[in-house]
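Here's a quick tour of how the strands and helices fit together in this one. Pull up the model and follow along.

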Amino acid sequence: MKVLVINCGSSSLKYQLIDMEGEKVLCKGLCERIGIEGSNITQKVGEKKYERTLPLPDHAAAFEAVVAALTDAENGVIADMSSIGAVGHRVLHGGEKLYDPILIDDEVLKAIEDCIPLGPLHNPANLMGIRGCMAVMPGVPMVAVFDTGWGMAMEKSHYMYALPYEAYENYKVRRYGFHGTSHRYVTGRALELLGNPNAKVITCHLGNGSSVSCSKAGKCVDTSMGLTPLEGLPMGTRCGSIDPAIMPFLMDKTGMTAKEMDTYMNKKSGMLGISGISSDFRDLGAAAEKGDERAKLALDMFVYAVKKYIGAYAAALNGADAIVFTAGVGENDREVRADILKDMEYMGIVADFDYNMTCPRGEEVCISKPESKVKIFVIPTDEEMTIARDTARLVTK
């Protein structure tokens, strides 16, 4: 079976076509600037590249462009869309009703729509992608895989906030957690590498958006993001966890509205806000090397926050068998990994700092020494493959 995996943002559509026999990725593609001037599509099939600049007024038009790219006579990978057996959609938020992968019908679409207040940036885009796909591929089974699904295994004492209970009862204010598909994938790989299905694993998904999670026997125990992806670590443009009284204090001082305050914390803070330079860790590393104190401060704050979460989760788990680094920064930024792993001997960690600086990128590697009580893995995440597996499993049932 061939499964098409769709991941829609507000102005983008990422996709992969995967042949589940052998789990071979046939192609990867991206539609950018949907609804914006200068929209385009790029698709890679091995060394072949398909590129077009064309109007993409909405996600339905973007999906039509995906169809054209997939079936292109010269650079496509399939003769027609009938060879695609199912479509898997990444959906940010399913609330408490939807968390396991599920076949999409009208009731599921309504439930995703009901969760827009919990995922105001992502859920509308996810819905547009699903509906655009349905319009072009009527009758083809479609599956929703939820980013919040991983965190639904948490105990109530772990996901509740200490607000009046009515906030949870009336509005479902609780910790949900995000990056769930990534945490689930790399946790599964860590259990396989350890040869222990009951292992305790701490996973660090570090990128422009970052979160740390911990699990026992493959089930989430805790995760750093909360009701929204704003909680937890300082990130590219997000402030992460702060004293909540800062919000009314700044609103009173500056006259910011609630919406402006939300933008301030989500789009103007984090690495960008501290450094004043960039949200990109590569830019910050280069600036810090040249002596930029604010760039170094931003990186130091990030490293310190990750170390604190690792320590907290080691306490929650009563120790750890493995720590995993994944995502753009976790997989590629050797300096950040090294700084996080410094002074962690209390956990029995013995990192191989030399190998960490020279190990190949894009591969699963162990960067701890043999005598280390805690294995340290770098595992490239593969959310698309996880979604494809979930989709194929449901459809073949």
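When we say that residues meet, or are in contact, we mean that they have heavy atoms within 4.5 Å. Keep in mind that this is a predicted model. At its heart for this briefing is an open sheet of eight strands with mixed pairing, plus a few helices that touch that sheet or each other.

**The sheet**
- Reading across, the strand order is 5-4-3-2-1-6-8-7.
- Strand 5 (48–53) and strand 7 (102–103) are the edge strands, and each of them pairs on one side only.
- Strand 6 (residues 84–91) and strand 8 (residues 142–146) run parallel, joined by five bridges.
- One residue pair to look up is Val91 with its bridge partner in strand 8, Phe146.

**Helices on the sheet**
- Helix 3 (residues 123–136) lies across strand 1 (2–8), strand 6 and strand 8, at about 165° to strand 6.
- Helix 15 (residues 383–396) also packs on the sheet, and its direction makes about 125° with that of strand 6.
- The strands that helix 15 touches include strand 2 (13–19) and strand 3 (24–32), along with strand 7.

**Where helix 6 meets helix 15**
- The axes of helix 6 (residues 180–194) and helix 15 come within 9 Å and cross at roughly 90°, so the two helices are roughly perpendicular to each other.
- On the helix 6 side, the contact uses Thr181, Ser182, Arg184 and Tyr185.
- Helix 15 brings Glu383, Thr386, Ile387, Arg389 and Asp390 to that contact.
- Sorted by class, the contact has four charged, three polar and two nonpolar residues.

Key: Residues are numbered from 1 along each chain as its sequence is written. This is a predicted model: local features need pLDDT of at least 70, side-chain atom pairs count only at pLDDT 80 or more; totals for chains, interfaces and linings use all residues. Side-chain values use heavy atoms; hydrogens and water are left out. Two strands pair if DSSP finds at least two bridges between them. Helices (H or I, at least four residues) and strands (E, at least two) are DSSP runs, numbered from the N terminus. Axes are lines fitted to C-alpha atoms, for helices over the stretch in contact, and angles run from 0 to 180 degrees between N-to-C directions. Angles under 35 degrees count as roughly parallel, over 145 as roughly antiparallel, 65 to 115 as roughly perpendicular and the rest as oblique. Ala, Val, Leu, Ile, Met, Phe, Trp, Tyr, Cys and Pro count as nonpolar, Asp, Glu, Lys and Arg as charged, and the others, Gly among them, as polar.
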